[in-house]
Amino acid sequence: MSILLVCGCADPRPPTGGPRDEVPPAIVSTEPPNESVNISPDQIKMSFSEYVNEGSFGRALSIVPTPLGRLNFRWRGKSVTIRLPEQLLDSTTYVVTLNDEFRDWHGVRLKRPLSFAFSTGPVIDQGRLRGRIIDHQKGIPVAGLMVLAYPVNSSLDESPSYQTQTDTEGKFEFSYVRESSFFVIGLRDLNRNLKPDPLEWYAVPPFPMIRATPDTTAPTPDWIYTHLDTLRPRIERIRAPTNQRLDLRFNENISLSTLSGDFWTLTDSLTNTPVQVHSSYQLASNPRSVYLIVDPLQETTYSLITTAAVQDSSGNTNRSDTTYFMGSLSETNRIPTFVEFLTTNEESPYRLAPWENPKIVFDQSIEKPLLDSLVSVKDSTGALVPFEIESSNGTIYSLTNLSESSQVYHISVLQPDSIHVRYFERLGPRSLGSVSGITVPFGDSVRVILTDTDRKFLSMQTPDSLGRFLFPQLPEQTYHLYAFIDQNLNDQWDGGRIYPYHRSEPITWSSNGVTIRPRWNTELPDTLKLGQTATSTLPTTDQ
């Protein structure tokens with residue numbers, strides 16, 4: 001059901017001047033008063049503590065159960081009267097809520113939803129539902145997330161029975177709910193249709209049925225915020241800027257599963273003659289595009305089919321569609337151009353962790369003989385050092401076999417009018433430390449993940465038979481850890497499903513970042529507890 005809004009109002013303006021307003025609006029009074037019973041009003045009046053943004057009121061307002069027809073708003077100063085379009089249901093508790101879309105005249109938004117209730121019968125529902133929604137990557141609260149409560153066994157295509165939002169601490173609470181069982185989900189409802197849609201982020205409940213009761217002493221359970229992408233990437237457009245290069249644009253960011261041209265089938269559509277695809281590559285600055293190097297084309301129509309050559313960030317491989325495009329006669333002899341060294345950190349020499357290798361970036365794919373002629377590596381004595389080259393996208397080249405401890409490598413890239421130079425130092429044992437800790441419980445399905453300060457994955461460990469884990473050879477910096485029970489043994493945390501319902505895998509986080517000291521093992525101060533108590537303490541948000 002939907003609410004159509006009609007607003008009639010003056011344009012009250014608050015006095016200007018004075019200190020900056022940082023206090024959100026509050027409800028001063030309501031008519032009918034909160035928890036009134038045996039009433040059936042034809043209008044609702046709300047008065048606020050200050051002048052408010054009237055346009056935000058309509059977007060933020062919900063009345064449950066939802067009246068059919070139009071709501072008419074009439075403003076006077078700091079008060080609004082809502083005329084109801086129909087007779088209210090008998091013996092029913094109505095809950096009026098304003099979410100964090102509501103703001104005052106200066107744009108200060110609510111920090112948590114505001115609500116009140118009344119009943120058309122002698123009893124007002126006193127059931128409550130509470131929870132907390134936290135992010136799966138950092139373990140921190142998710143604020144301003146829509147929370148929807150559905151009757152158990154109802155369709156998610158129907159309107160939810162109740163709706164609210166998480167506050168700044170990620171907590172939510174439904175009050176004045178009928179004492180029954182509900183299916184409760186968190187949802188980043190981008191299109192505001194109060195339904196979970198593909199690609200929208202969500203949080204599934206820890207249990208499929210949660211009973212609303214008047215009890216306020218029960219522990220607050222956690223919902224884990226995540227997303228599930230099951231849609232395959234597809235080609236949106238193909239163009240041939242030259243007779244030997246194709247530019248493919250996809251509908252989302254993708255990565256290449258192989259640089260080989262064997263997974264692409266290119267055909268002249270008129271003669272059905274195959275055209276060889278030699279290789280593919282990507283640019284880090286354009287993750288939605290793939291570039292193919294092909295045999296010379298003619299100015300005619302071609303078809304391209306691909307099978308499992310690309311995948312998105314969720315591991316979905318591309319659809320095997322046939323795409324048609326027009327070839328080109330334009331020729332180019334553009335010389336590959338050096339872009340940068342990776343990392344872009346200006347430290348010189350840059351200190352390489354054991355898992356890192358120097359990287360060189362070009363603006364297009366380069367044949368190995370040419371690349372070998374452009375790149376040279378010397379050690380601290382000036383002697384040439386042999387190396388190997390690897391690439392996962394065809395333009396970022398990793399220089400491997402440069403593993404001598406405490407060695408400073410001098411890397412040069414020759415260009416037609418310049419030489420680009422960068423120094424890299426391979427850290428030795430005296431510059432490295434470690435971190436260790438304990439998980440409870442432990443077993444073959446427990447995984448402990450080490451990430452850097454940006455929460456980028458670095459390493460994964462399985463604790464031993466006593467629950468202990470150790471991450472060795474770590475450079476001096478701050479790290480973060482989390483652990484989960486890998487119930488399906490796929491070596492990645494799974495956030496569950498809304499339909500068919502499947503709860504998320506148990507997960508927990510270290511409460512703070514861990515700073516490593518050289519030649520020292522840092523013992524994690526808190527045990528990583530998995531299960532019902534896993535998320536009782538959240539990590540700090542400033543790490």
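In this predicted model, S376 has its bridge partner in strand β33, namely S412. The strand on the other side of this pairing is β30. Four bridges join β30 to β33. The two strands run antiparallel, and β33 covers residues 408-415.

This pairing belongs to an open sheet of four strands. Their order is β28-β34-β33-β30. The pairing within the sheet is mixed. Strands of a sheet pair through backbone hydrogen bonds, and the pairing can be parallel or antiparallel. Two strands stand at the edges: β28, residues 350-352, and β30, residues 375-378. Each has a single partner strand, so one side of each is left without a neighbour in the sheet. On average, neighbouring strands of this sheet are turned by 30° against each other, direction ignored.

A second open sheet is built from three strands. Here the order is β4-β7-β8, and the pairing is antiparallel. The edges are formed by β4 (61-64) and β8 (114-119). Each of these edge strands pairs on one side only. Neighbouring strands of this sheet are turned by 15° against each other on average, again with direction ignored.

Within the three-stranded sheet, strand β7 spans residues 93-98. Six bridges join β7 to β8, and these two strands run antiparallel. One residue pair can be named here: Y94 stands opposite F118, which lies in β8.

The chain as a whole contains 43 strands and two helices. Its length is 543 residues. The C-alpha trace spans about 90 × 65 × 55 Å along its principal axes. Of the residues, 46% count as buried. Contacts were also examined by sequence separation. Among those between residues at least 6 apart in sequence, 67% join residues at least 24 apart.

The surface and the charges complete the description. The chain exposes about 27,600 Å². Carbon and sulfur atoms supply 48% of this exposed area. There are 62 negative side chains and 48 positive ones. The centres of the two sets lie 5 Å apart.

Definitions and conventions
Residues are numbered from 1 along each chain as its sequence is written. This is a predicted model: local features need pLDDT of at least 70, side-chain atom pairs count only at pLDDT 80 or more; totals for chains, interfaces and linings use all residues. Side-chain values use heavy atoms; hydrogens and water are left out. Buried means under 20% relative accessible area, exposed over 50%, partly exposed in between (1.4 Å probe, protein chains only). Contact means heavy atoms within 4.5 Å. Accessible areas come from the Shrake-Rupley method with a 1.4 Å probe; for residues, only the protein chains shown count as cover. Lys and Arg count as positive and Asp and Glu as negative; His and the chain ends are not counted. The place of a charge is taken as NZ of Lys, CZ of Arg, CG of Asp or CD of Glu. Two strands pair if DSSP finds at least two bridges between them. Axes are lines fitted to C-alpha atoms, for helices over the stretch in contact, and angles run from 0 to 180 degrees between N-to-C directions.
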